[in-house]
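Student: Could we go through this structure together? I would like to begin with how the chains meet and then turn to the sheets.

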Amino acid sequence: MVCTRQHVIAAMRGAVRAVSECRDELVELDRAIGDGDHGENMERGFLAVDTQLRLASPETPAAVLKTTATSLISSVGGAAGPLFGTAFLRAATAAGERETLDGAAVAALLRAALDGVTARGRAERGDKTMVDALAAAVEAAERAADEGAGPTGVLRSAATAADSGARETIPLVARKGRASYLGERGAGHLDPGARSVALLLHAFAETGGEQ
Amino acid sequence: MRVGLVVVSHSAALSEGVVEVVGQMAPDVRVNAAGGLPGGETGTDFEATSAALAASDTGSGVVLLYDLGSARMTAELAVEALADPNTAVVAEAPLVEGAVAAAVAAQGGQGLEAVVEAAERATGAEEPESGEAVSAEGLSPEDYRAECELTLANEVGLHARPAALLARTLTGVEAAVTVSCGQNSADARSVLGVMGLGARKGDRISLRATGPEAELALRRITELVERNFDE
């Protein structure tokens with residue numbers, strides 16, 4: 001019940017497909033409270049991830065995550081590039097030299113990603129950002145890991161909780177990012193960054209665990 | 001070598017404009033722009049920021065200034081990606097004011113920490129707006145160890161370049177100097193504060209200095225004014 005380098009690569013490929021499939025949905029969400037480029041940016045970013053993973057053939061889970069991070073940082077633009085890039089970069093650091101990841105390690109990676117995003121974006125829970133989805137995901141992941149779940153179980157719990165966390169952004173007024181410029185008018189809309197976190201975690205859960 | 005600067009902005013034109021202004025005031029400081037995306041759209045680019053960071057590195061450290069939130073994130077990532085992240089600092093400062101203040105400090109040979117501090121002090125809001133505000137900092141007229149009055153004869157008055165020269169001429173001088181013109185006063189080391197006085201050709205300015213080298217400070221400024229700021 002562990003996740004190897006191949007699983008992590010499969011998870012990233014799953015994310016590439018999921019982001020492409022949800023591109024238009026993300027565009028719509030971002031058009032409502034942002035500048036409408038989130039779907040396009042994420043798709044471009046994950047296509048770059050796909051290309052770089054083929055070119056780099058990374059040898060450890062950490063190396064796969066690091067390749068993902070640098071591809072996103074270089075190609076996504078906006079705030080999403082540095083934020084998702086930081087998330088994967090911190091996860092890579094947390095993975096260290098490990099050849100395989102168990103459920104607890106996956107939860108620890110998610111925690112490291114959350115800490116990175118929080119520090120980089122200076123956002124807290126309730127600011128109507130990706131942190132709302134990711135923080136809920138981390139708590140659920142840690143609970144699942146404590147109960148002995150493997151990587152897939154941990155990721156499934158995380159993805160389900162991220163959905164709830166993302167939905168909870170709907171009534172909120174944004175306090176960070178471009179949506180905060182809208183003030184009260186931003187309430188009533190799902191945060192695109194939070195939605196992206198949830199869809200990535202679902203993709204990881206479906207493709208990245210022990211198959 | 002002097003501390004270098006990087007201007008990270010969403011717009012190429014904006015970052016280059018800031019570099020242009022800064023270059024006038026601090027000709028010997030390495031300042032590089034990282035603005036816009038490679039295709040010319042607005043946004044901040046990690047690769048361009050990293051390249052500018054490398055180009056501005058003289059070995060004495062680099063200070064990065066940014067315009068909006070995601071530019072700060074890109075700047076921070078570029079710093080974290082350095083072989084030694086302690087050699088560069090992202091300053092929490094207004095872009096133009098911070099860049100000018102940092103550049104003048106760097107031109108004066110100040111170290112990395114002092115240049116960051118100069119940028120972060122340059123909020124504009126903290127500039128004393130009147131003589132009273134200066135007095136409020138605890139200086140009564142009896143405390144001024146030296147004062148003098150001068151008439152500005154140079155063409156542009158205390159505009160950007162002369163204000164920068166004024167600040168530079170006080171580098172290393174142990175004295176606090178206040179410049180007044182009419183009702184307004186400013187710290188002589190604050191380029192923006194001095195520019196904000198709006199002193200023009202023909203205006204009388206008065207200078208008051210305290211500290212062990214108060215006399216030296218006023219002598220240097222007097223020489224500078226008499227040389228018409230080398231215009």
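Tutor: We shall discuss the contact between the chains, then the salt bridges, then the two sheets.

Student: Before that, what should I know about the model?

Tutor: This is a predicted model, in which local features need pLDDT of at least 70 and side-chain atom pairs count only at pLDDT 80 or more, while totals for chains, interfaces and linings use all residues. Residues are numbered from 1 along each chain as its sequence is written, chains are lettered from A and ligands numbered from 1 in the order in which they are written, and side-chain values use heavy atoms, with hydrogens and water left out.

Student: How many residues does the contact take from each chain?

Tutor: Chain A gives 12 residues and chain B gives 11 residues, where contact means heavy atoms within 4.5 Å.

Student: And how much area do chain A and chain B bury?

Tutor: They bury about 1100 Å² between them, with 52% of it on carbon and sulfur atoms. Buried area is the accessible area (1.4 Å probe) that two parts lose on being put together, summed over both. On the side of chain A, 47% of the area buried against chain B comes from A:Ile73, A:Arg120 and A:Arg122, more than from any other three residues.

Student: How many salt bridges are there between chain A and chain B?

Tutor: The count is five, a salt bridge being a side-chain nitrogen of Lys or Arg within 4 Å of a carboxyl oxygen of Asp or Glu. In one salt bridge, the side chain of A:Arg90 meets that of B:Glu80 at 3.6 Å, N to O.

Student: Which elements of chain A give two or more residues to the side that touches chain B?

Tutor: They are helix H4 (61-75), helix H5 (80-95) and helix H6 (103-121) of chain A; helices (H or I, at least four residues) and strands (E, at least two) are DSSP runs, numbered from the N terminus. H5(A) gives the most, with five residues.

Student: What is the count of salt bridges over all chains?

Tutor: The count comes to 20 over all chains. Within chain A, A:Arg13 forms a salt bridge with A:Asp50, with the closest N and O atoms 3.0 Å apart. This pair links distant parts of the chain, 37 residues apart: A:Arg13 is in helix H1 (residues 5-21) and A:Asp50 in helix H3 (residues 38-56) of chain A.

Student: Now the sheets. In what order do the strands of the parallel one run?

Tutor: In chain B, four strands form an open sheet in the order E2-E1-E3-E4, with parallel pairing; two strands pair if DSSP finds at least two bridges between them.

Student: Why is one side of E2 and of E4 left without a neighbour?

Tutor: Strand E2 (31-35) and strand E4 (88-90) of chain B stand at the edges, each with a single partner strand, so one side of each has no neighbour in the sheet. Strand E1 (residues 4-9) of chain B pairs with E2(B) over five bridges, and B:Val6 stands opposite B:Asn32 in E2(B).

Student: What about the antiparallel sheet?

Tutor: Four strands of chain B form this open sheet in the order E5-E8-E6-E7. The edge strands are E5 (146-151) and E7 (184-187) of chain B, each pairing on one side only. E5(B) and strand E8 (residues 204-210) of chain B pair over six bridges, and B:Glu147 stands opposite B:Arg208 in E8(B).
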